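Colleague: I am new to this structure and would be grateful for a close look at one part of it, explained step by step. Please set that part in the context of the whole and then follow the related details elsewhere.

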Amino acid sequence: MKDVFARLASDFLSAIVFLVVYLITDNVVLATSVAIAGAIAQVIYARVKGQQLNYMTYASLALVVVLGTVTLLTNDPRFMLAKPSIAHFAIGAIMLKRGWMLRYMPPIVAETVPEYVTAAGYAWAALMFVIGAGMIAVAATGDLKLWAFYITVVAGGAKILAFAVQYVVLRLIVTSRRRAAARA
């Protein structure tokens, strides 16, 4: 779980840096430049440390550079604010793979209710698409405070709530099936 949060923080570091610098300075050019430099430094640091970089790392870097350049050319922060939505769409697309979630489940869940785990995987994909679309809509307003609220409270809260609901539902179904099997 710690690795998941570290990976998410790494993936969204440029957006976080952009937001913090922009809120402190109210300077789009400075915030964008720092975010681009930070994303490049992240990749260089990982390469120097000998860490293997995957496709998503390079895709994220490309998005930061491209959207950052457009932000610099237009002096409009909305392009940088849209970056996390693209990541949500990419993750949602990956989550459309049937059964992707099974490997993350405890064996008792994966063996007892694989069909529910697969359905939960599709539900997570849908959630990622909805969050990504909402993020674009909020980014289009250009309101940084609303965007920060959306990305932290709404998007973060939706994921926490979805995880909690999934945990409770799967636990109830597994318990029910195991009791029924014991009676039979």
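Modeller: The account below begins with the overall picture, then turns to one helix and its contacts, and ends with other parts of the chain.

The structure is a predicted model. It contains 8 helices and 0 strands, and reading along the sequence gives the pattern α-α-α-α-α-α-α-α. Its C-alpha atoms fill a box of roughly 70 × 40 × 25 Å along the principal axes. The protein has 184 residues, of which 34% count as buried. Its accessible surface comes to about 11000 Å², and carbon and sulfur atoms account for 70% of that area. Among contacts between residues at least 6 apart in sequence, 66% join residues at least 24 apart.

The part chosen for the close look is helix H8, which covers residues 144–183. Two of its residues, glutamine 166 and arginine 177, serve as guides.

Glutamine 166 has a relative accessible area of 10%. Since buried means under 20%, this residue is classed as buried. What does the side chain of glutamine 166 join through a polar contact? The partner is the side chain of tryptophan 124, at a distance of 2.5 Å. Once neighbours within four places in sequence are left aside, the residues in contact with glutamine 166 are Met101, Met105, Ala120 and Trp124. Tryptophan 124 therefore appears both in this list of contacts and in the polar contact, beside a glutamine that is buried at 10%.

Arginine 177 offers a second view of H8. Its side chain meets that of glutamate 115 in a salt bridge, with 2.6 Å from N to O. This pair links distant parts of the chain, for glutamate 115 belongs to helix H7 (residues 114–141) and arginine 177 to helix H8, with their positions 62 residues apart in sequence. Glutamate 115 has a relative accessible area of 40% and is partly exposed. Arginine 177, at 33%, is partly exposed as well.

A search of the whole structure finds 2 salt bridges. One of them is the pair just described. Another joins the side chains of arginine 78 and aspartate 76, also with 2.6 Å from N to O. In this pair, arginine 78 is partly exposed at 36% relative accessibility, whereas aspartate 76 is buried at 15%.

Helix H5 (residues 78–94) holds another buried residue with a polar side chain contact, serine 85. Its relative accessibility is 0%, so it counts as buried. The side chain of serine 85 reaches the backbone oxygen of alanine 82 at 2.4 Å. When residues up to four places away in sequence are not counted, serine 85 touches Gly132, Met135 and Ile136.

The next stop is helix H2, which runs over residues 13–25. How far apart are the end C-alpha atoms of helix H2? The expected span is 1.5 Å times one less than the number of residues. For the 13 residues of H2 this gives 18 Å, and the end C-alpha atoms are indeed 18 Å apart, so the two values agree. The buried residues of H2 are Ser14, Ala15, Phe18, Leu19, Val21 and Tyr22. As background to such a list, an α-helix has 3.6 residues a turn, so residues three or four places apart point the same way.

Threonine 25 also belongs to H2. With 35% relative accessibility, it counts as partly exposed. A polar atom of its side chain lies 2.7 Å from the backbone oxygen of valine 21, a residue that is itself among those buried in H2. Just after the helix, aspartate 26 takes a positive phi of about 60°. Threonine 25 and alanine 181 are 156 residues apart in sequence, and their C-alpha atoms are 62 Å apart in space.

Finally, part of the surface is nonpolar. Ile40, Ile44, Val48 and Val65 make a patch of about 340 Å². Helix H3 (residues 28–48) gives the largest share of this patch, 3 residues. Valine 65, by contrast, lies in helix H4 (residues 55–74). Its relative accessible area is 31%, so valine 65 is partly exposed.

Methods:
Residues numbered from 1 in each chain as written. Predicted model: local features only at pLDDT ≥ 70, side-chain atom pairs only at ≥ 80, totals over all residues. Heavy atoms only, no water. Helix = DSSP H or I, 4+ residues; strand = E, 2+ residues; numbered from the N terminus. Buried < 20%, exposed > 50% of the residue type's maximum accessible area, 1.4 Å probe, protein only. Polar contact = N/O pair within 3.5 Å; in protein donor to acceptor, adjacent residues only side chain to side chain. Contact = heavy atoms within 4.5 Å. Patch = residues over 30% accessible without salt bridge, like charges linked within 9 Å, V, L, I, M, F, W, Y side chains within 5 Å. Areas by Shrake-Rupley, 256 points an atom, 1.4 Å probe, with all protein chains shown as cover. Salt bridge = Lys/Arg side-chain N within 4 Å of Asp/Glu carboxyl O.
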